[in-house]
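Here's a quick briefing to read alongside the model. Keep the structure open and click through the residues as they come up.

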Amino acid sequence: ALPISVVDGRIKLSSNSLGGWTVHLYSDNNTVYYYAHLESQATNLTSGQRVSKGTVIGYVGNSGNARYTATHVHFEIRPNGKAVNPYPTVRSAC
């Protein structure tokens, strides 16, 4: 499974000791989607770039403070800047 853009939007690539390799996806409706603990970000992308829904944005990993866990993607949905449980949204898309 590859982390893909769930909506059209603008991306910000970053890394830190907590989330490891991360991608923030800023949609046009003020919702931010956050992907963390990636093995790496897609090499054809740069911060500020617009992406289309379905674009591969990274690779599943365990970077940051997840270094000793199974590979996974920490995924958040933040409408208007406040994180909500992503399960209902993800479940309805599966």
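What follows covers the sheet, the core, the aromatic rings and two residues worth a look.

Bear in mind that this is a predicted model. Its open sheet has five strands in the order 5-1-2-3-7, with antiparallel pairing. The largest nonpolar core takes in 12 residues, and strand 3 is the element that gives the most to this core.

**The sheet**

- Strand 5 (50-51) and strand 7 sit at the edges with a single partner strand each, so one side of each has no neighbour in the sheet.
- Strand 1 and strand 5 pair in the antiparallel sense through two bridges; here Gly9 has Val51 in strand 5 as its bridge partner.
- On to strand 1 and strand 2: they run antiparallel and are joined by seven bridges. One of the matches to look for is Ser14 with its bridge partner Thr22 in strand 2.
- A hairpin takes you from strand 1 to strand 2 through three residues.
- Strand 2 and strand 3 are also an antiparallel pair, this time over five bridges. His24 stands opposite Tyr34 of strand 3.

**The core**

- The 12 core residues are Ile11, Leu13, Val23, Leu25, Tyr33, Tyr35, Leu38, Ala42, Leu45, Val51, Ile57 and Ile77.
- Three elements give two or more residues to this core: strand 1 (9-16), strand 2 (20-26) and strand 3 (31-38). Strand 3 leads with three residues.
- As background, nonpolar side chains tend to be buried together in soluble globular proteins.
- Leu38, one of the core residues, touches a run of sequence-distant residues, including Pro3, Trp21, Val23, Tyr59 and Val73.

**Aromatic rings and charges**

- The count of aromatic pairs comes to two. In the pair of Tyr33 and Phe75, the ring centres are 6.3 Å apart and the planes are at 20°; the cut-off for stacking is under 30 degrees, so this pair counts as stacked.
- Tyr33 belongs to strand 3 and Phe75 to strand 7 (residues 74-79), so the pair ties together parts 42 residues apart in sequence.
- Tyr35 joins Tyr33 and Phe75 to form one aromatic cluster.
- How buried or exposed is Tyr33? Its relative accessibility is 11%, and buried means under 20%, so Tyr33 counts as buried.
- Two arginines lie over tyrosine faces: Arg10 over Tyr26, at 4.7 Å from the ring centre, and Arg78 over Tyr34, at 4.6 Å from the ring centre.

**His37**

- His37 lies in strand 3 and has a relative accessible area of 7%, so it is buried.
- What does the His37 side chain have for polar company? A polar atom of this side chain lies 2.8 Å from the backbone oxygen of Ser63.
- Setting aside neighbours within four places in sequence, the contacts of His37 include Leu18, Trp21, Asn62, Asn65, His72 and His74.

**Val7**

- Val7 sits in the segment before strand 1. With a relative accessible area of 22%, Val7 is partly exposed.
- Not counting residues up to four places away in sequence, Val7 touches Leu25, Ser27, Tyr33, Val51, Ser52 and Lys53.
- Where does Trp21 lie relative to Val7? The two are 14 residues apart in sequence and 20 Å apart in space, C-alpha to C-alpha.

Technical notes:
Residues are numbered from 1 along each chain as its sequence is written. This is a predicted model: local features need pLDDT of at least 70, side-chain atom pairs count only at pLDDT 80 or more; totals for chains, interfaces and linings use all residues. Side-chain values use heavy atoms; hydrogens and water are left out. A nonpolar core is a set of buried Ala, Val, Leu, Ile, Met, Phe, Trp, Tyr and Cys residues joined through side-chain atoms within 4.5 Å. Buried means under 20% relative accessible area, exposed over 50%, partly exposed in between (1.4 Å probe, protein chains only). Helices (H or I, at least four residues) and strands (E, at least two) are DSSP runs, numbered from the N terminus. Contact means heavy atoms within 4.5 Å. Rings of Phe, Tyr and Trp (its six-membered ring) pair if their centres lie within 6.5 Å; planes under 30 degrees apart count as stacked, over 60 as edge-to-face and the rest as tilted. A charge sits over a ring if NZ of Lys or CZ of Arg is within 6 Å of the ring centre and within 35 degrees of the ring normal. Two strands pair if DSSP finds at least two bridges between them. A polar contact is a pair of N or O atoms within 3.5 Å; within protein, one must be able to donate a hydrogen and the other to accept it, and residues adjacent in sequence count only if both atoms are side-chain atoms.
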